[in-house]
Protein chains: 2
Amino acid sequence: MNILEKITQNKAVFSKSERKVADIILAHPQTAIHSSIATLAKMSDVSEPTVNRFCRRLDTKGYPDFKLHLAQSLANGTPYVNRHVDENDGPQEYTNKIFESTMASLEVARQSVDVNIINRVVDLLTQAQKISFFGLGASASVAHDALNKFFRFNVPVVYFEDVVMQRMSCMNCTDGDVVVLFSHTGRTKSLVEIAQIARRNDATVVGITSQDSPLANECSYVLSLEVPEDTDMYMPMASRIAQLTLVDVLATGFTLRRGNKFRENLKRVKDTLRDSRYDKPD
Amino acid sequence: MNILEKITQNKAVFSKSERKVADIILAHPQTAIHSSIATLAKMSDVSEPTVNRFCRRLDTKGYPDFKLHLAQSLANGTPYVNRHVDENDGPQEYTNKIFESTMASLEVARQSVDVNIINRVVDLLTQAQKISFFGLGASASVAHDALNKFFRFNVPVVYFEDVVMQRMSCMNCTDGDVVVLFSHTGRTKSLVEIAQIARRNDATVVGITSQDSPLANECSYVLSLEVPEDTDMYMPMASRIAQLTLVDVLATGFTLRRGNKFRENLKRVKDTLRDSRYDKPD
DNA sequence: CACCAAATGTAGTAAAATTACAACTTTGAT
DNA sequence: ATCAAAGTTGTAATTTTACTACATTTGGTG
């Protein structure tokens, strides 16, 4: 919470001398954060303990702590918030808004994600005989991306866009198989059915989806991402990005679990790509 | 300027003990701002003057002043720094690092992107007779995602994973067609060839790629994204996310340009999906 | 106007940060 | 290999800063 606002609000509660301090701080906040308690006391024409009491009244531990809060409030730059795009926005505005909203959503997602489940899922993936990634619509491209990442790990990976192929693939699942399903809403019927089929065939089903959704209920493990989606645009945007970041997290966890030698392997995969590319200059 | 980034950047300049301090601060910035110099010194296993010297090296007046800067950086909109994943990181650490690095990269991307070109590309897209999205490897999923978005707009969209199909598709290009190519490096041979083919057939080629790369040189318009990629993992991560966000920006620009009535249309597309989903409770 | 409670200040104390200097490492040149 | 010089780090003393306990003042009330 912004401490400058708090000072203005609580002004009525302050005593006479405390108000002097408040006035000085509100008038010269930049000076205040660089002053010692003695200097500020002199500026406000009160004693040092009064300044100290003033700080405590604002629920800070003391003067240094108060300065910290003040400094934070003064820090320029609005923290990223979900700002919705407006009809009259120009390119500069909507570009900034979308980048900022995406970052804000990632922050929310980061805080909502359960690390223990991530750890558990990484466990599963490293031990899996076969990993399948499925998603539909916007989530199809996330599954596609997961395929690309895990394919480099030299583990059997499966990815289909086609629902029928997805079903068939799940029919053939066995004990050590892991099926990862992506869906923002968790309400896509075909995907829920796929989860059921996979589970019936003893596969472990990991859902990257909304908590308490129909899909979540069919999964062995649910990695839920709470992402506020801007519904004005009628398109999934931030949810997708959060899912992809989670894929990165899982892939990273995977490589870390596999250790150093494995990473050498990844380097080789990357080096092989070199032939398909034009050389870098310098 | 964000002091956390400054610490990361100057890490090479620091002495051994100073680096100890840097590590502790980067690992626990929130703890650091609430610690005294003695506590921080003990945590870092160095002496108090070392901490003080560390602060001065970062152009602050001393420890309290440094804390102020740190507090501001933490409160500031961009508390995110590109922190590389370390071999010994646990799930909590690598999850946070990846989310934060992704956000940091988005911030860099946002600042590097040229709004005028975005505007110009949106122009092109709204007037295009046919839009094609192509990418290979990790960028294939980005193209896939773009397909999904623009398909909703009821414009002819084309997407292929297969290089041969991509080439054939570009062979058939005509005047009003726009080909959008995704490639982080801009050095993938097949994709550069596709750009050439498309241009030879009068299509406008938009490259979402690195500046001054072979691909960029073949494009009519280049939307360059400067994204620092963590090469330790040997996988494209942040670059992809930045590209996707750019797709969101373009899609948003597209819908805004088309106006209100068009947005009604999008809503209808979304509503049609409802039948493929389980109803939401409440 | 005398009393009490709240507010404020004074002086002493504790804590924190900084300085000066000494010991120890590293580097490079002979 | 040896030594000097430069750079790094720690110890101890000093200074600055913040806090506490207590005394004084102020303002309001019976």
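Q: What classes of residue make up the surface near DNA strand D?
A: In this predicted model, the surface near DNA strand D has six nonpolar, seven polar and five charged residues.

Q: Which of them come nearest?
A: There are 18 residues around DNA strand D, and A:I37, A:N52, A:R56, B:S15 and B:S17 come nearest.

Q: Which helices supply at least two residues each?
A: From chain A, α5 (48–57) and α6 (63–74); from chain B, α2 (16–27) and α5 (48–57). Of these, α5(A) gives the most, with four residues.

Q: Bases or backbone, on the DNA side? What's the split within 4 Å of the protein?
A: Sugar or phosphate accounts for 71% of those strand D atoms, and bases for the rest.

Q: Which atoms of A:I37 and B:S17 lie by a phosphate oxygen?
A: For A:I37, a backbone N or O atom lies 2.3 Å from a phosphate oxygen of strand D. For B:S17, an N or O atom in the side chain is 2.7 Å from one. A:Y63 also has a backbone N or O atom 3.2 Å from a phosphate oxygen of that strand.

Q: Switching to β4(B), residues 204–209. Buried or exposed?
A: Six of its six residues are buried. B:T204, B:V206 and B:I208 lie on one side, with B:V205, B:G207 and B:T209 on the other, so both faces are covered.

Q: What does β4(B) pair with?
A: It runs parallel to β3(B) (177–182), joined by five bridges, and pairs in the parallel sense with β5(B) (221–224) over four. B:I208 is the bridge partner of B:F182, while B:V206 has B:Y221.

Conventions. Residues are numbered from 1 along each chain as its sequence is written. Chains are lettered from A and ligands numbered from 1 in the order in which they are written. This is a predicted model: local features need pLDDT of at least 70, side-chain atom pairs count only at pLDDT 80 or more; totals for chains, interfaces and linings use all residues. Side-chain values use heavy atoms; hydrogens and water are left out. A residue is near a molecule or strand if one of its heavy atoms lies within 4 Å of it. A polar contact is a pair of N or O atoms within 3.5 Å; within protein, one must be able to donate a hydrogen and the other to accept it, and residues adjacent in sequence count only if both atoms are side-chain atoms. Ala, Val, Leu, Ile, Met, Phe, Trp, Tyr, Cys and Pro count as nonpolar, Asp, Glu, Lys and Arg as charged, and the others, Gly among them, as polar. Buried means under 20% relative accessible area, exposed over 50%, partly exposed in between (1.4 Å probe, protein chains only). Two strands pair if DSSP finds at least two bridges between them.
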